[in-house]
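Q: Please take a close look at one part of this model, its strand pairing. Go through it step by step, then say what surrounds it.

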Amino acid sequence: LGLPIIPPKAPQRRASRRIRVGDVPVGGGSPVSVQTMTTTTTADVDATLRQIAEVTAAGCDIVRVAVPSRDDADALPAIVAKSPLPVVADIHFQPRYVFAAIDAGCAAVRVNPGNIKRFDDRVADIAKAASAAKVPIRIGVNAGSLDPRLLAKHGAATPEALVESALWECSLFEEHGFQDLKIAVKHHDPMTMVTANRLLAAACHYPLHLGVTEAGPAFQGAIKSAVAFGILLAEGIGDTIRVSLSAPPVEQVKAGTHILQSLGLRPRQLEIVSCPGCGRLQVDIHKLAAQVQAAFDGFPHPLRVAVMGCVVNGPGEAREADLGVSCGNGKGQIFVHGEVVRTVPEHRVVDTLVEEALRLTELPPPE
Ligand code: SF4
């Protein structure tokens with residue numbers, strides 16, 4: 001058609017100040033990192049460390065733990081000592097836990113000034129302690145806990161209100177010469193969150209943490225987050241992300257890594273390319289795709305595996321796949337790089353794909 005060929009490329013990132021969250025650089029062109037929060041009681045050190053191990057295996061870069069009580073604060077040293085990921089302490093209401101978290105060796109502290117009483121009076125001490133320990137502070141502004149004065153001024157948690165709140169809170173730290181800040185302005189509405197982050201990106205140089213808060217159950221929440229993060233990250237805005245889902249933290253991390261892979265901001269892992277099905281369908285494609293996905297879960301090679309519901313268009317539609325299957329008449333044609341190499345009965349399809357994947361990658365069979 002004579003259309004220009006535009007090669008895909010990773011977005012040009014916004015220039016932001018670089019901070020370090022433990023050994024993970026954030027901002028200043030560093031890779032976009034994926035975060036999640038544990039759902040265990042933080043004081044239950046073993047359970048919390050088990051969950052941190054799970055999210056680490058799923059590709060998480062930074063983990064946040066809630067610190068609502070003294071027991072939780074007391075557990076921080078043991079968690080920090082054994083966590084393979086930098087630990088961010090999430091503090092609401094109780095500024096004294098900020099100091100406990102810094103003393104415990106946490107890699108960063110998240111505070112929500114909107115719900116810490118007389119926060120202005122405590123900033124100097126927090127800035128001093130954080131500065132001495134080289135611990136960055138994440139300022140989190142949520143629509144639900146916006147300063148009442150700003151709520152009254154703007155009439156609602158508008159993007160402008162969220163940004164004004166965040167910048168005012170940054171200024172409190174700046175007055176004490178502290179700039180190792182990261183900002184998150186969150187809203188449950190993706191487009192409000194997008195507008196707020198665009199405004200914030202233009203108004204300051206701090207790294208930004210992206211989140212659509214209370215995004216909902218897994219399916220809805222992943223879509224809302226993908227839409228918002230996709231827009232912002234494609235514009236180069238955003239330095240860390242968290243997909244907030246009413247689902248286990250591992251699912252949040254998987255959703256976050258998929259979003260980054262889709263944008264070319266993280267190397268692609270194994271990918272299942274499966275057809276949606278149509279009137280030519282000759283197999284239960286939904287079931288087969290799920291079985292293939294389960295069989296390849298954790299496969300340590302970025303293969304593209306196609307699962308196609310008929311032999312008419314299968315290999316052709318999946319030409320860019322490394323290997324795949326086209327189904328029909330109770331059989332599966334197994335193809336490698338577009339060439340049919342074997343035909344097997346339907347019940348052998350999944351195992352055969354794994355065999356061919358191991359052959360292609362020269363990996364040993366699993367124990
Ligand atoms: Fe339809 Fe076959 Fe294409 Fe699947 S591969 S969408 S069944 S034509």
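A: Two strands count as paired if DSSP finds at least two bridges between them. Strands (E, at least two residues) and helices (H or I, at least four) are DSSP runs, numbered from the N terminus. The model is predicted, so local features need pLDDT of at least 70 and side-chain atom pairs count only at pLDDT 80 or more, while totals for chains, interfaces and linings use all residues. Residues are numbered from 1 along each chain as its sequence is written, and side-chain values use heavy atoms, with hydrogens and water left out.

The part in question is an open sheet of eight strands with parallel pairing. Its order is β8-β7-β6-β5-β4-β3-β10-β9. β8 (181–186) and β9 (209–210) are the edge strands; each has a single partner strand, so one side of each has no neighbour in the sheet.

Strand β3 (33–37) has a partner on either hand in that order, β4 and β10. With β4 it pairs in the parallel sense over three bridges, and Gln 35 has Ile 62 in β4 as its bridge partner. With β10 (residues 240–241) the parallel pairing of β3 runs over two bridges, and here Ser 33 stands opposite Thr 240. One step further along, β4 (residues 62–66) and β5 (residues 87–91) pair in the parallel sense over four bridges; Ala 66 has Asp 90 in β5 as its bridge partner.

Five of the five residues of β3 are buried, where buried means under 20% relative accessible area, exposed over 50% and partly exposed in between (1.4 Å probe, protein chains only). Ser 33, Gln 35 and Met 37 lie on one face of β3, Val 34 and Thr 36 on the other, and both faces are covered.

Arg 266 touches the start of this strand. It sits in the loop between α9 (249–262) and β11 (271–274) and is buried, at 17% relative accessible area. Contact means heavy atoms within 4.5 Å. Beyond four places in sequence, the contacts of Arg 266 include Val 32, Ser 33, Val 34, Gly 59 and Asp 61. The side chains of Arg 266 and Asp 61 also share a polar contact of 2.5 Å. A polar contact is a pair of N or O atoms within 3.5 Å; within protein, one must be able to donate a hydrogen and the other to accept it, and residues adjacent in sequence count only if both atoms are side-chain atoms.

Gly 29 belongs to the loop that joins β2 (24–26) to β3. Gly 29 is partly exposed, at 47% relative accessible area, and touches Arg 13 and Arg 18, not counting residues up to four places away in sequence.

As for the wider packing, a nonpolar core is a set of buried Ala, Val, Leu, Ile, Met, Phe, Trp, Tyr and Cys residues joined through side-chain atoms within 4.5 Å. The largest one has 76 residues, of which Val 109, Ile 137, Phe 173, Ile 183 and Phe 229 touch the most other members. Helix α6 (residues 159–174) gives this core its largest share, seven residues. Another core, of 28 residues, lies apart from it, with Val 292 and Cys 327 among its members. Phe 229, in the largest core, has contacts beyond four places in sequence that include Leu 210, Ile 241 and Arg 242. Two of the sheet strands are thereby touched: Leu 210 is in β9 (209–210), and Ile 241 is in β10 (residues 240–241).
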